[in-house]
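Work through the exercises below with the structure open. Each task is followed by a stepwise solution.

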Amino acid sequence: MAKADGDADGDTDPVTTGFAALPASDGYRLTRARAPLCLLDAGGLAADRDGLALVDIAVEAGRIASILPAGTDGLHDDGHAVDLDGGIVLPRLVDCHVHLDKGHIWPRRRNPDGSFMGALNSVMADREANWSAPDVRARMDFGLRCAFAHGTAAVRTHIDSLGKQIGISWPVLAELRAEWAGRIAIQASPLFGIQFALDEAHMRDVVAAVKVHGDGLFGCVSYMIPELDDALDIVFRTAIENGFDLDFHVDETNDPAARSLENIADAAIRHRFSGRILAGHCCSLALQEPEVEARIIAKVKAAGIAVVSLPMCNMYLQDRAPGRTPRWRGVMALHELKAAGVPVMIASDNTRDPFYAYGDLDLIEVLREGTRILQLDHAGNDWANAVARTPASVMGEEGRGVLSPGGPADLILTRARDWTEFFARPQADRTVLVDGRAIDTTLPDHRELDHLMSKSA
């Protein structure tokens with residue numbers, strides 16, 4: 001397990017803490033750091049053309065004591081300083097849409113053709129054959145170890161919640177949440193097809209699991225079934241009666257006829273829903289006629305819905321056909337949503353499973369690839385919010401995803417001095433701080449899961 005460097009626990013295994021050699025003292029300064037102004041809750045700072053402010057960050061007893069313009073006069077130089085030479089510093093990041101329970105099953109259950117239906121059917125078969133509590137626990141814990149080593153502070157995972165799996169996965173989730181407390185904050189939302197909302201017994205079982213093991217979150221996958229509005233009414237009433245927030249998988253298709261996002265917005269307005277709503281994917285929104293897209297976005301804004309794009313997974317699955325080059329990138333109309341004032345985010349989604357064969361729950365990779373796929377690089381200097389401040393706010397994880405005097409010294413230190421350097425390389429030598437101490441960023445070996453991959457495929 002990744003741990004703070006220098007823990008006196010008798011463990012002599014070598015650890016990797018990145019490029020930065022931090023003083024042993026509980027108090028030190030990170031000098032000449034560059035940080036995104038959009039993630040700094042401190043006054044008196046100015047940004048360069050990349051939106052980065054050159055600052056000195058003082059750390060005391062695991063907290064950020066101050067954030068001041070670099071070279072501020074009057075600071076006492078006691079020798080406990082690390083010159084970052086303009087390297088970008090980020091807060092630990094927030095991944096608001098992952099699937100820990102599906103992760104890392106690819107070696108035993110591949111997607112036969114790279115399609116969405118291929119992914120869906122493969123996961124269903126693997127779940128039925130293999131998802132025991134030990135199997136789910138081992139793969140979820142592996143994913144969390146990856147995320148932690150990369151610098152993630154909080155995740156929201158979706159939990160497949162059908163039949164016997166409800167009683168298997170939710171207790172495991174609760175155990176892991178407790179075990180990981182203080183390292184990664186874990187939230188979970190149920191995942192099932194919207195048609196199952198019409199099944200009273202199913203809803204009773206899922207609600208009970210969320211009440212006992214969950215985080216006040218409820219959700220499902222929405223698509224254009226004839227009973228969609230009736231099913232959404234049940235989901236919204238369930239949320240209102242139990243004080244749940246909502247999280248939906250929405251319109252993950254290139255079919256312009258898929259407009260369930262509009263139905264969700266209508267339902268939220270109809271029920272005067274006051275909780276938080278997060279909608280993920282929303283791929284088909286980008287394929288609507290301009291007036292339809294504008295109408296749906298206006299409703300999303302009025303309903304108070306936040307959205308998250310999953311650029312790597314959606315580019316992998318969407319518009320795939322044998323022997324044909326894809327014609328679009330598969331992602332939602334994120335720029336238009338942001339321009340309308342809708343809170344927007346990007347996140348990891350699936351990891352080494354039939355929905356996405358790659359990935360490692362590394363939000364720096366997500367930000368890098370999201371910038372390329374969604375062309376965020378010429379659209380303002382505040383897109384770092386999409387993996388930090390904004391998802392933290394939507395998840396109710398206040399204080400995370402920002403750099404603030406008095407806040408935790410939970411940081412990612414890099415050698416990159418601007419965004420082109422940052423995105424040009426994977427920042428594999430990053431240093432990750434938790435409570436001001438460098439953690440071991442050694443990633444778990446995929447071979448650890450080999451014993452699970454010999455099961456029925």
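**Exercise 1. Overall fold**

Task: State how many helices and strands the protein chain has, and decide how its radius of gyration compares with the globule rule.

Solution.
- Step 1. Count the elements. The protein chain has 13 helices and 16 strands.
- Step 2. Compare the radii. The radius of gyration is 22 Å, close to the 23 Å that the globule rule gives for 457 residues, so the chain is as compact as a globular protein of that length.
- Step 3. Note the model type. This is a predicted model.
- Step 4. Add the box. Along the principal axes, the C-alpha atoms fill roughly 70 × 50 × 50 Å.

**Exercise 2. Burial, contacts and surface**

Task: Find what percentage of the residues is buried, and what share of the contacts comes from residues 24 or more positions apart.

Solution.
- Step 1. Apply the burial cut-off, under 20% relative accessible area. Of the 457 residues, 56% count as buried.
- Step 2. Take the contacts with a separation of 6 or more. Residues 24 or more positions apart account for 80% of these.
- Step 3. Turn to the surface. The chain exposes about 18,200 Å². Carbon and sulfur atoms supply 50% of that area.

**Exercise 3. Charges and salt bridges**

Task: Count the charged side chains by sign, then give the number of salt bridges in the whole structure.

Solution.
- Step 1. Sort by sign. There are 46 positive and 66 negative side chains.
- Step 2. Locate the two sets. Their centres lie 2 Å apart.
- Step 3. Search for pairs. The whole structure holds 31 salt bridges.

**Exercise 4. Three salt bridges across the sequence**

Task: For the pairs Arg108–Asp135, Arg156–Asp247 and Arg430–Asp362, give the N to O distance, the location of each partner and its burial.

Solution.
- Step 1. Start with Arg108 and Asp135. Their side chains meet in a salt bridge at 2.8 Å, N to O. Arg108 lies in the loop between β6 (93–98) and α1 (116–130), and Asp135 in helix α2 (residues 133–150), so the pair ties together parts 27 residues apart in sequence. Both Arg108 and Asp135 are buried.
- Step 2. Go on to Arg156 and Asp247. The closest N and O atoms of this salt bridge are 2.8 Å apart. Arg156 sits in strand β7 (residues 152–160) and Asp247 in strand β10 (residues 245–250), 91 residues apart. Arg156 is buried because its relative accessible area is 3%, under the 20% cut-off. Asp247, at 1%, counts as buried too.
- Step 3. Finish with Arg430 and Asp362. Here the closest N and O atoms are 2.9 Å apart. Arg430 is in the loop between α12 (419–424) and β15 (431–434), and Asp362 is in the loop between β13 (344–346) and α10 (363–373), so the bridge ties together parts 68 residues apart in sequence. Arg430 and Asp362 are both buried.
- Step 4. Look for shared partners. Salt bridges join Arg108, Arg109, Asp126, Asp135 and Arg139 into one network.

**Exercise 5. The surroundings of Gly401**

Task: Place Gly401 in the chain, decide whether Gly401 is buried or exposed, and list what Gly401 touches.

Solution.
- Step 1. Place the residue. Gly401 is in the loop between α11 (389–394) and β14 (411–413).
- Step 2. Classify it. Gly401 has 2% relative accessibility, so it counts as buried.
- Step 3. List the contacts, leaving out residues up to four places away in sequence. Gly401 touches Leu39, Pro91, Arg92, Val94, Ala388 and Arg389.
- Step 4. Compare sequence with space. Gly401 and Ala154 are 247 residues apart in sequence, and their C-alpha atoms are 9.1 Å apart.

**Exercise 6. Two positive phi angles**

Task: Give the phi of Arg32 and of Ala61, then classify Arg32 and Ala61 by accessibility.

Solution.
- Step 1. Take Arg32. Its phi is positive, about 50°, although Arg32 is not a glycine. Arg32 belongs to strand β1 (residues 27–36). With a relative accessible area of 37%, Arg32 is partly exposed.
- Step 2. Take Ala61. Its phi is near 50°, a positive value in a residue other than glycine. Ala61 lies in the loop between β2 (52–60) and β3 (63–69). At 63% relative accessibility, Ala61 counts as exposed.

**Exercise 7. The cover of α10**

Task: Determine how many residues of α10 are buried, and name elements that cover them.

Solution.
- Step 1. Count. Nine of the 11 residues of α10 are buried, and the helix is mostly covered.
- Step 2. Name examples. Among the buried residues are Leu363, Glu365, Arg368 and Ile373.
- Step 3. Identify the cover. The covering elements include β6, β7, α8 (311–317), β13, β14 and α12.

Key: Residues are numbered from 1 along each chain as its sequence is written. Side-chain values use heavy atoms; hydrogens and water are left out. Helices (H or I, at least four residues) and strands (E, at least two) are DSSP runs, numbered from the N terminus. The radius of gyration is taken over C-alpha atoms; the globule rule is 2.2 Å times the number of residues to the power 0.38. Buried means under 20% relative accessible area, exposed over 50%, partly exposed in between (1.4 Å probe, protein chains only). Contact means heavy atoms within 4.5 Å. Accessible areas come from the Shrake-Rupley method with a 1.4 Å probe; for residues, only the protein chains shown count as cover. Lys and Arg count as positive and Asp and Glu as negative; His and the chain ends are not counted. The place of a charge is taken as NZ of Lys, CZ of Arg, CG of Asp or CD of Glu. A salt bridge is a side-chain nitrogen of Lys or Arg within 4 Å of a carboxyl oxygen of Asp or Glu.
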